[in-house]
Amino acid sequence: MKEILSTKNELIKKVVKLHKRKNRYQSKQYIIEGFHLIEEAVLHQAKLIYLFVNQKSWDLYADWFHQQSIEVILVTDEVLAKLSELPTPQGLIAVVAMPENQVTFTLGKWLLLDCIQDPGNVGTMIRTADAAGFSGVVLGEGCADIYTTKTLRSMQGSQFHLPVIQAPLKEAIFQLKELGIIIYGTELNDQAVQYHQLPYREHFALIMGNEGQGVNQEYLALSHQNIYIPIYGKAESLNVGVAAGILMYGLTVQK
């Protein structure tokens, strides 16, 4: 088993560069941390390029590493802290190959994100789409990078369970329409209806918009129907991640 004892090791310096978006996309690699995410990656055949563990994690998971035939690099706690962006590193860090960003739309339920900038919101919505049985998620221009630490921790491995596609939303909307999928925009306007008043549809796409500005007017105009969530209390609005969860489940269970 290979060991790395110094933070100045060339491989360690190379991996640390993946904390920057530009370097992630140039190398098509990103970092995940913690046993749960690494286990999900292996279970769903993601390509692990490197796996760094400290002595404590090696002692705890050695049998699992052997069962999976995973090559491990043993590192010191100091090296692990250099690789991690968390205040308290979890003892295991992997470098994973990004999947091919192929746009293949099918019938089903799709979540389209328009300029969602908060990584926690992006990760939460992807995870909720996974839980609600959606076919995939499309991230349009201006969305937070799904490979940041905060987004990855919010997704909790859901990126391994369903397609997460980065593509221009206008093109995605047209392709989904060609399949006969109904497009729902989300905005309270004169044409909008409450989501629970809609007939059940097996196939639809839901557009969620920017935390401050909402959905781009061009995308709303391309939608078949604009919908909204009624507010019964005094709050002016809902967090976009919460709103997406209500709509995804509300539109899915109506029959």
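## Exercises on a predicted model

Gln 45 lies in the loop that links helix 3 to strand 3. The structure used in these exercises is a predicted model.

**Exercise 1. Describe the backbone and the surroundings of Gln 45.**

Step 1. Helix 3 covers residues 35-43, and Gln 45 follows this helix.

Step 2. The phi angle of Gln 45 is positive, near 60 degrees, and the residue is not a glycine.

Step 3. Is Gln 45 buried or exposed? Its relative accessible area is 65%. The cut-off for exposed is over 50%, so Gln 45 is exposed.

Step 4. Lys 28 also has a positive phi, near 60 degrees, and is likewise a residue other than glycine. Lys 28 sits in the loop between helix 2 (21-27) and strand 2.

**Exercise 2. Find what helix 3 packs against, and describe how it crosses helix 4.**

Step 1. List the buried residues of helix 3: Phe 35, Leu 37, Ile 38, Glu 40, Ala 41 and Val 42.

Step 2. Find their partners. These buried residues pack against strand 2 (29-33), strand 3 (48-53), helix 4 (55-68), strand 5 (92-97) and helix 7 (149-155).

Step 3. Take the pair of helix 3 and helix 4. Their axes come within 12 Å and cross at roughly 15 degrees. Angles under 35 degrees count as roughly parallel, so helix 3 is roughly parallel to helix 4. The crossing of helix 3 and helix 4 is left-handed.

Step 4. Name the residues that meet. Helix 3 contributes Phe 35, Ile 38, Glu 39 and Val 42, while helix 4 contributes Tyr 61, Trp 64 and Gln 68.

**Exercise 3. Locate the largest nonpolar core and the helix that gives the most to it.**

Step 1. The largest nonpolar core has 55 residues. Those touching the most other members are Ile 32, Leu 111, Leu 113, Ile 126, Leu 139, Leu 206 and Met 208.

Step 2. With 6 residues, helix 10 (residues 240-253) gives the most to this core.

Step 3. Look at Ile 32. Beyond its neighbours within four places in sequence, Ile 32 contacts Leu 37, Ile 38, Ala 41, Leu 92, Ile 93, Ala 94, Val 96 and Leu 152.

Step 4. A further core of 18 residues lies apart from the largest one; its members include Ile 165, Leu 176, Ile 207 and Leu 222.

**Exercise 4. Describe the crossing of helix 6 and helix 10.**

Step 1. The axes of helix 6 (residues 119-131) and helix 10 come within 9 Å and cross at roughly 15 degrees. Helix 6 is therefore roughly parallel to helix 10.

Step 2. This crossing, of helix 6 and helix 10, is right-handed.

Step 3. On the helix 6 side the residues are Asn 121, Met 125, Thr 128, Ala 129 and Ala 131; they meet Val 240, Gly 241, Ala 244, Gly 245, Met 248 and Tyr 249 in helix 10.

**Exercise 5. Explain why Cys 115 and Cys 143 form no disulfide.**

Step 1. A disulfide needs two cysteine sulfur atoms within 2.5 Å.

Step 2. The cysteine sulfur closest to that of Cys 115 belongs to Cys 143, and it is 6.5 Å away, so the distance is too far for a bond.

Step 3. The count of disulfides is 0. Cys 143 itself is buried, with a relative accessible area of 12%.

**Exercise 6. Place Met 1 in the structure.**

Step 1. Met 1 belongs to the segment before strand 1 (2-4). Its relative accessibility is 55%, so Met 1 counts as exposed.

Step 2. Leaving out residues up to four places away in sequence, Met 1 touches Trp 58, Val 72 and Leu 74.

Technical notes:
Residues numbered from 1 in each chain as written. Predicted model: local features only at pLDDT ≥ 70, side-chain atom pairs only at ≥ 80, totals over all residues. Heavy atoms only, no water. Core = buried A, V, L, I, M, F, W, Y, C linked by side-chain atoms within 4.5 Å. Buried < 20%, exposed > 50% of the residue type's maximum accessible area, 1.4 Å probe, protein only. Helix = DSSP H or I, 4+ residues; strand = E, 2+ residues; numbered from the N terminus. Contact = heavy atoms within 4.5 Å. Axes fitted to C-alpha atoms, helices over the stretch in contact; angles between N-to-C directions. Parallel < 35°, antiparallel > 145°, perpendicular 65-115°, else oblique. Left-handed = near helix turned anticlockwise from the far one by under 90°.
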